[in-house]
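Please explain how the chains of this model meet one another, and how a single chain is divided into domains.

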Number of protein chains: 4
Amino acid sequence: MLYDIHSDKWREECGIFGIFARQENVALSTYWGLYALQHRGQESAGIAVTDGNVMDVQRGMGLVNEVFRQGLPELPSHIAIGHVRYSTTGSSLLRNTQPMLVNFSGGQLSLAHNGNLTNAHEIRAELEQKGCVFQTSIDSEVIVNIIARSSRPTIEEKVIDSLQDVEGAYSLVIMTEQKLIGVRDPHGFRPLCLGRLGDGWVLASETCALDTVGAEFVRDIEPGEMVIIDDSGVVSRRFAETDRRAGCVFEYIYFARPDSVIDGQSVYQARFNMGRTLARESKFKADIVISVPDSGTTAALGYSHESGIPFAEGLMKNRYIGRTFIQPDQKKRDMGVRIKLNAVTSVVKGKSVIMVDDSIVRGTTSGKIVRMLKDAGATAVHMCVSSPPIGFPCYYGIDTSARKELIAASKQVEEIRQFIGADSLHYLSLKGLHASIDHIHEKTLCNACFNCDYPAHTPGEGDCSNNKFLFEPSKE
Amino acid sequence: MLYDIHSDKWREECGIFGIFARQENVALSTYWGLYALQHRGQESAGIAVTDGNVMDVQRGMGLVNEVFRQGLPELPSHIAIGHVRYSTTGSSLLRNTQPMLVNFSGGQLSLAHNGNLTNAHEIRAELEQKGCVFQTSIDSEVIVNIIARSSRPTIEEKVIDSLQDVEGAYSLVIMTEQKLIGVRDPHGFRPLCLGRLGDGWVLASETCALDTVGAEFVRDIEPGEMVIIDDSGVVSRRFAETDRRAGCVFEYIYFARPDSVIDGQSVYQARFNMGRTLARESKFKADIVISVPDSGTTAALGYSHESGIPFAEGLMKNRYIGRTFIQPDQKKRDMGVRIKLNAVTSVVKGKSVIMVDDSIVRGTTSGKIVRMLKDAGATAVHMCVSSPPIGFPCYYGIDTSARKELIAASKQVEEIRQFIGADSLHYLSLKGLHASIDHIHEKTLCNACFNCDYPAHTPGEGDCSNNKFLFEPSKE
Amino acid sequence: MLYDIHSDKWREECGIFGIFARQENVALSTYWGLYALQHRGQESAGIAVTDGNVMDVQRGMGLVNEVFRQGLPELPSHIAIGHVRYSTTGSSLLRNTQPMLVNFSGGQLSLAHNGNLTNAHEIRAELEQKGCVFQTSIDSEVIVNIIARSSRPTIEEKVIDSLQDVEGAYSLVIMTEQKLIGVRDPHGFRPLCLGRLGDGWVLASETCALDTVGAEFVRDIEPGEMVIIDDSGVVSRRFAETDRRAGCVFEYIYFARPDSVIDGQSVYQARFNMGRTLARESKFKADIVISVPDSGTTAALGYSHESGIPFAEGLMKNRYIGRTFIQPDQKKRDMGVRIKLNAVTSVVKGKSVIMVDDSIVRGTTSGKIVRMLKDAGATAVHMCVSSPPIGFPCYYGIDTSARKELIAASKQVEEIRQFIGADSLHYLSLKGLHASIDHIHEKTLCNACFNCDYPAHTPGEGDCSNNKFLFEPSKE
Amino acid sequence: MLYDIHSDKWREECGIFGIFARQENVALSTYWGLYALQHRGQESAGIAVTDGNVMDVQRGMGLVNEVFRQGLPELPSHIAIGHVRYSTTGSSLLRNTQPMLVNFSGGQLSLAHNGNLTNAHEIRAELEQKGCVFQTSIDSEVIVNIIARSSRPTIEEKVIDSLQDVEGAYSLVIMTEQKLIGVRDPHGFRPLCLGRLGDGWVLASETCALDTVGAEFVRDIEPGEMVIIDDSGVVSRRFAETDRRAGCVFEYIYFARPDSVIDGQSVYQARFNMGRTLARESKFKADIVISVPDSGTTAALGYSHESGIPFAEGLMKNRYIGRTFIQPDQKKRDMGVRIKLNAVTSVVKGKSVIMVDDSIVRGTTSGKIVRMLKDAGATAVHMCVSSPPIGFPCYYGIDTSARKELIAASKQVEEIRQFIGADSLHYLSLKGLHASIDHIHEKTLCNACFNCDYPAHTPGEGDCSNNKFLFEPSKE
């Protein structure tokens, strides 16, 4: 049984990549593109390729370098799409890996999906009524089935037709024998961008993948936009109007790599600003600012910059940490977190410390880190979180804990502070968060996990009443 | 690259197994059932199970003991089906492994198939026109799609409905959350039998699998019959009339295990009789009768019995032979066959030898064995083949070489004799073959590979004219 | 945990192979040589090679084709030695694999050993007193240490020097950067033969390995002989006089492949003769003679030949049987044996049967087979064993059960018959055994496991008194 | 073929760990201890355990979590030692993994070694002359052989005796059936420390391993000290006088984890100070200070602190980077470094940048990073290196490039600056380095790689003449 050491964070579900380029080894470029997107999914990976006639796909469980240990698809190709995936243990099966590759009346089709359809269950039931069978539990299979059933003449039309039926979050890369297609849902929940690589084109979840393969950023795909790429270039088509843009705010807080730029906003800059805002909001006094590495570091630097309190590396992360098949001894106090993190005594001993992390999900890890710092001699630990309390689950492509596992769904801030044993605790206000993401208007972001304002259909709970934290963050 | 040492034989494509038993570990029984059917397919294996609510499936490439090296499906279950498969390299892919497991409007369905649908291509095209997508290249996917599209109310009706559309060879085991279903096509090309295990029931391609799991043979499933097994017992339904039974004659010649009984005919007895008939037909004189082990041995014993010429083990087989990733040195004369077989000099030296084998496909291996015997001192090698010349490909579930690779499709018996370097060569006549299978009427067997008399639709060549051997065997 | 289905036989401990040939791919030839010797050891395999300057070795657990799945040693070489090994689970460790490869004052040395040194423990203790360290528990490490400590100038002298100290059974292949050396102990317990391959030379445990690689048999290495092979050809040196040749009689009964010839005696012929002698001794009447495949078959044919009772295949063996990680359901009666063997009902039903097997160790498997035959309808089962009762353990290279596990060490023949449920039971007499091995004088064989007459030093029990079977076989 | 993405750094050769504790799962503690020391060796790992009677060892190639994927040694034990290892490809073989486990006259002994014996070759030759054989190419085998040959009565005496012969660098953990022994060479080249875990004791290369297993730091083992741990506690013995302490200065610069404390000096604090000193020495002016992550970060923070120039994350590292079997496309400019690092455009665009790295070996990677920053818009890149130029190879346990690969061995600083394309380049002076390591006197450090002042015997080149950089650093 595999024990995942990173256990108290929300999980991005997927990263996608596509390339159309006659001068490139497209399978290899996709490999490195997925390598750059590995943080978006570590459970499985896959690459599909075509030479214009035949398609081939290779998929497997594990990290990108594990899945392709024996080599890449060998077909000499000029179009490829790829996918990395994280998912909960239950559905983490070989048969759920992507890209999906099917034969249909129009030939072959391969598709990779980042996001979550909120009406997948209904569509699936409907399609089953019409005689469809499903071999996986992934949304991609739903989408390819609707595409295949469309009576429209061209693949572009079929895709557009199919998108009328689906709701929720979807960034897609689709490959036919002739074309590479990119699609972003009308709300723009999940990112997708376009790059230029020599004479060819690249689609990727994040710009860091463009940088890694040496492609130049061209632009983000617009919500409700479809781009069709073939030898004649890139054609853009709008398949839906957007009355409510809703880019996921958590991409800026935690998911995306800081070197990516999403919808015009540098992730690094957003996090740095969150730290600065946190400093202005919290006004904590201390000897040093430290971060919970690596995701809290940029905000911690912002906090240090704004407050003038020096930044130091008070916690050191084991760089080789990863998956392990040996379970830590759970009888040992804090064993789990000590495997991953260690306090730097010479930094924290005798010091009051402001500790910056990006988010708190269940709170158990935070509590262990606070204790570790105090054991190492910190005189006080003031915890700053660069996001508001998470009170509501996400239905748009993040693998969230059920709401009852969210500490902020059942505890007040002061209760949380006591639970984690910090001397102070401050969450970034929603207003402060929005101020930090300074290139994007707050109304075009999805903040539902903080304020229960779901911009699109939700399949489940969706009940915002009786939530003690709903309005609290905005008090600040 | 894997080098298969057994290279000059036709290949059975599949073996299937199913079990419904509340007192058994059904996954384990299926494992051992597939173990017993391993000779019917060595490229992939799979087991699907259900506890009445949930289904799980585990599939992989390799032998049964390799695929389940890490364990069996863990779901505590009372129904299971299993599959072993051989296939040509091209389509030997992970995604083509069986059993197939799907969700459809009626719940979950798992299916394993032995045989070959001759109109799969047409149905597939039709279904694609109706919006179906296909993720594999196996017939099972075609069948589950037709089942799922049936408007009939019960699963039995749906299956029956679907079978109206398909042609060719199919023995099926189908599992729903509640039932185990066995189906045999109206011609009865491929075998399927029913056994009793305690309070439960077993379906298997061959009786040897019943023996292995400790089940008692009940009866063969009839061509055109469907059996539905659940807690209330076994119900039989006839879904089609048969005007032409056509059990595969090659099961008796080579495919099935000699300890199996198919449609009332002991395979062992049939082979023994073939040897006796061969002796009467060929009237060869020699010092000893030997076999090409292991498949030729039973017929050789029959030959010895009839002729009074003593049987001896003139060729010894390496018991550990199997797949290897190291290629034999092809520059070396006969390296390939020497890895597998070795002449027993003390047996053959100075002797004239009658060598019995079950069939000749390309003839290259036979030539090498003849040379090996002569190198070991045999004074003469008279080759006897316990089947008529194979002149026509099979479309009903055997992985046959293309017709141009069949030596008997382009060469007369005398030419073949010269090619393999034997002193004499005799093929069993078709009449003699039928006489040997004494419990089954020749009109209820499929002999198409010998006489081009295809009992059902064929997708391909199907042209019997201009074949020099077509009528020859019956001359004898 | 691996479950070995072949569980009630004595085990040969090793097979060895060596080659010196400038025109051959020696690593590849060694691979195929080991393939042919696979029956002598299935737990680990290894190949060492040299190009005259550098040595390389590759070793691993598993069958030959598993160990070298990723390829053979790549060094372009002209000398190679190889080893296959069986051993009890306890010591079946990666670090005990052979060939051993060491650096010593004379350069590099690689060595592979078949047999068992009876004073290894004493030498090991002595060497440890002199400061030696041991990293494995295999005898090869003892031998290389004595060789390395020899003060003699040449490697041949060092080897001869070292052999003065060791007692017991040893056939060795030794490789230096320049030479290939073969050694057989003064008693000649384990076989070793020499072959010619083009301009080069081959050493192998059995002639079947020569046949497989295409080498011509030259002669057996004599007990007490060392052969030194290099570019100038083969030089023979006698390093010890033999007052008592003692070739292992069990090689003829069970271990060796029937197509091998050992010390001038065809293994096949010996087994066939054993069957004939058994027929004359037992005088059983029955409808058919069957064998426990595969090892009992040749003797069964001899029995049939002598008695005139027809031979038939009453038991069929699963050809794909091997190692499995799934344990058979032990609650099921006879599950273990049914996985491996199945009765052919059409052969045995209503018949009285003479069943020939090569040996009985614990007797449990024999009992299950007898029951299986009766369940299939055999009216009587007369068991014939082509060896005398095994009453004493082997100290010369066979992995024997402790004496208390030997059924014949504690039970009379009649008791054993009752234990296995046979209608009659006859063991081949020692005299009959010797008569069957007609090319070798009985005084030059080791029969210690039957008569406690150990031809060389024994480390252990060695007490022949109070053994009820000691004289019994000679009564007959 | 495995491609290592981290390619332009010196490599620590090993990490070691030992534990004696009756209340702990010592195999599990060793596992996590090795996990914490993984940065000291990623090529192989091993754990040996004993229960007081029997010893067992498990070793393999790969990361700790890969080697023990199937589980830890199962023997219930109270003593264990472990080892992680990096080594050059050539000798990176399974048989060179540690800990070594041997039988000798005193029983069993297991040993793991960090360091490099400079007279191993001579001792090995001497021992071979005395009849020793060597199965590996690791120094541990040399040491166990000398220990085993010692005539002294106790294991402690034998170890002390053996250490009179060896020269060079060695930190050792040794395990007998009864005792755990720790040894550090008289120069103290490589670190070794002692910790307390409940009633038991722990030895480890670095304190970070103590922290991870929950042990409390007690003290460093002294150069020339041996500690013997058994049920009666810890006994210290001095086996050699030290006239020249020589702790490896590179542990502070790059090898050790920043959260470790070695010989009283916090590694973090040393690196922070190096950054401060660099700032004082270089006096560069720029908009921001950035680091080459992760190893350059602490020094960069020190630089920022001293200079007042803000620190920012200008380069982002792929956290999932590791080993890959797919080779980057080498035709692509900078592909290799882009896989690992990416510039954060929003941070560096339009800015002049001070980039801090810990060392320069060949200089190729530094050049690519400088170009990456300029491509991202940096107006100037001033490179600061927190160590002096490396002009001489290490013979004491670091896998160094040959001297001709060291850019500083053949190029002046200005030439190097041009080679890497930086606007300025400053190396920390040796004096500045020593000032930064403020808790240790410079005379007790080994700086040979910078100034050719080898504190102990060297086997090789050792020629300090004619080296242009020899005196340069001290100019500053």
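The paragraphs below go from the domains of one chain to the contacts between chains and the symmetry that relates them.

This is a predicted model, in which local features need pLDDT of at least 70 and side-chain atom pairs count only at pLDDT 80 or more, while totals for chains, interfaces and linings use all residues. Residues are numbered from 1 along each chain as its sequence is written, and chains are lettered from A and ligands numbered from 1 in the order in which they are written.

Chain A is divided into domain 1 (7-243) and domain 2 (265-475), with bounds that come from an automatic or database domain assignment. The centres of these two domains of chain A, taken over C-alpha atoms, are 32 Å apart. Where they touch, domain 1 of chain A contributes 21 residues and domain 2 of chain A contributes 16 residues, two residues being in contact if their C-beta atoms, placed from the backbone, lie within 7 Å. On the domain 1 side, strands E2 (11-12), E8 (107-117) and E9 (168-175) of chain A each supply at least two residues, and the largest share, 3 residues, comes from E8(A); helices (H or I, at least four residues) and strands (E, at least two) are DSSP runs, numbered from the N terminus. By class, this side of domain 1 of chain A has 4 nonpolar, 10 polar and 7 charged residues, where Ala, Val, Leu, Ile, Met, Phe, Trp, Tyr, Cys and Pro count as nonpolar, Asp, Glu, Lys and Arg as charged, and the others, Gly among them, as polar.

Between chains, 50 residues of chain C are in contact with 50 residues of chain B. The elements of chain C that give two or more residues to this side include helix H1 (26-36), helix H8 (267-282), helix H9 (297-307) and strand E21 (323-324), and the largest share, 5 residues, comes from H1(C). The residues on this side of chain C divide into 23 nonpolar, 16 polar and 11 charged.

Chain C is superposed on chain B by a rotation of 180° with 0.0 Å of shift along its axis (RMSD 0.1 Å), the fit being by least squares on the C-alpha atoms of residues with pLDDT of at least 70 in both. That is the relation of a two-fold axis. The same surface serves both copies, since 100% of the contact residues of chain C recur in chain B. Of the residues of chain C, Arg319(C) comes closest to the rotation axis, at 3.9 Å (C-alpha).
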